[in-house]
Amino acid sequence: MAKKYIAYVSTYTRSNDKGIRIYDVDINNGRLVEREEIAIKNSSYLTISHNQKYIYSITDFGVEAFRITEDLGLEMINMASINGMRGCYISTDYTDRYMFVAGYHDGKITVLSLNEDGSIGTITDEVFHQGMGSISERTSRPHVRCVKMTRDNKYLCATDSGIDHVKIYKFDQNTGTLKLIDALRSEQESGPKYIKFTKDGKFAYVIHEMNNSIVAYSYKDNSGKPEFEKIQKISTLNDYHSADSAACAMKFSKDGKFIFCSNAGDNSVGVFEINHDNGELKKRFVLPISGDYPKDIAVFPDNKHLISLNHQSGTMTFFNVDLEKNIIVMNGPEMKVKEGNTITLLEFE
């Protein structure tokens, strides 16, 4: 039986209060058909739990939990405060027992417990980053952009584009608390944005917004001490590119063979092949996405289709991908969606 897909898209809500849109995906014709809008204020980021039963979203008021219903709609479970300014990123640990929220505006990490029914529990820890970077307009204070657990579920990695660090915290599964034990120091003015790990947990990749690069690291846990070793730095752009560009999204293909990324300003998407022996990346191509500010992308499990969510132009563009010829071809006209922030696909039969 052919696989089917549904897309959940988070948006800002300046014009209405419907911050999550649900789309049926017509993969053959390259179309997304809107089926429902969900009431939530300024959903700046959303994620699906690892057990694929729940969706968690940032909102103006903190974080909200939704149950994915039998028809793949969303049913609100509850809302919780993060005791701070609106977050920009949300993730769960690999047991779905804890939630982590990154605070761009206040430089804060918030940890909350999760209950068996998917509801959000209480705050178990709060950590404020400290320090300054080298550009006063952008780095007058910390900006936590991403919080992601290592695959062994031992350490929380927090990218901070304000101080150009990735801070590494030991995570206590019993108490839900963090202890700072290390940091990866990115280049000054590089703006580390997201960190992601390969499925086997051996390699980590950090995309840097300001200098348009991906830096690869090897990772291992050495008797309770995380060890990261830098392997490679590679540009997310072509040699010819827009002078004003910022790296945006970074996604793994489902088979783990490729990294897809997007670049605002340059308005392009890049594909990199992962060497799983040494962690190095090989650039396949960087090509335009026919939209302005591709804030997020969605890669289909077959590696043959791609959606770009273009925040500034208020569009989604659907592409057929050919990794043998290293090309993407736009499939049909652009689709309208105002101020899109993230797009997440759920596969079902």
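A biologist asks about this structure and a modeller answers.

Biologist: What kind of model is this, and from which number are residues counted along each chain?

Modeller: This is a predicted model, where local features need pLDDT of at least 70, side-chain atom pairs count only at pLDDT 80 or more, and totals for chains, interfaces and linings use all residues. Side-chain values use heavy atoms, with hydrogens and water left out, and residues in each chain, as its sequence is written, are numbered from 1.

Biologist: Which strands are the edges of the open sheet that holds β5 and β6?

Modeller: Strands are DSSP runs (E, at least two residues), numbered from the N terminus. Two of them pair if DSSP finds at least two bridges between them. Here four strands form the open sheet in the order β4-β5-β6-β7, with antiparallel pairing. Pairing on one side only marks the edge strands, β4 (46-48) and β7 (74-80).

Biologist: Which residue of β5 stands opposite I48?

Modeller: β4 pairs with β5 (residues 54-59) in the antiparallel sense, over three bridges. The partner of I48 in β5 is I55.

Biologist: How many residues apart are R35 and D24, which meet in a salt bridge?

Modeller: A salt bridge is a side-chain nitrogen of Lys or Arg within 4 Å of a carboxyl oxygen of Asp or Glu. The structure holds 16 of them. R35 and D24 meet at 3.1 Å, N to O. R35 is in strand β3 (residues 31-38) and D24 in strand β2 (residues 20-26), and the separation is eleven residues.

Biologist: Are E209 and R145 buried or exposed?

Modeller: Buried means under 20% relative accessible area, exposed over 50%, and partly exposed in between (1.4 Å probe, protein chains only). E209 and R145 form a salt bridge, with the closest N and O atoms 2.8 Å apart. E209 sits in the loop between β17 (203-208) and β18 (213-222), while R145 belongs to strand β12 (residues 144-149), 64 residues apart. Both E209 and R145 are buried.

Biologist: Why does the pair of K254 and E347 tie together parts that are distant in sequence, and how many residues apart are they?

Modeller: The closest N and O atoms of this salt bridge are 2.8 Å apart. K254 lies in the loop between β20 (246-252) and β21 (258-264) and E347 in strand β29 (residues 340-348), so the parts they tie together are apart in sequence by 93 residues.

Biologist: What is the relative accessible area of K254?

Modeller: E347, at 23% relative accessibility, counts as partly exposed. K254 is also partly exposed. Its relative accessible area is 46%.

Biologist: Which residues are linked with R21 in a network of salt bridges?

Modeller: The network joins three residues, R21 among them. Its other members are E34 and E37.

Biologist: What is the angle between the planes of F100 and F171?

Modeller: Rings of Phe, Tyr and Trp (its six-membered ring) pair if their centres lie within 6.5 Å; planes under 30 degrees apart count as stacked, over 60 as edge-to-face and the rest as tilted. The whole structure has twelve aromatic pairs. F100 in strand β9 (residues 98-103) and F171 in strand β14 (residues 165-172) are both buried. Their pair is edge-to-face, 5.2 Å centre to centre, and the angle is 80°.

Biologist: Which residues do ring pairs link into a cluster with Y219 and F228?

Modeller: Y219 and F228 form a tilted pair, 5.0 Å centre to centre with 40° between the planes. Both Y219 and F228 are buried. Ring pairs link them into a cluster with F197 and Y217.
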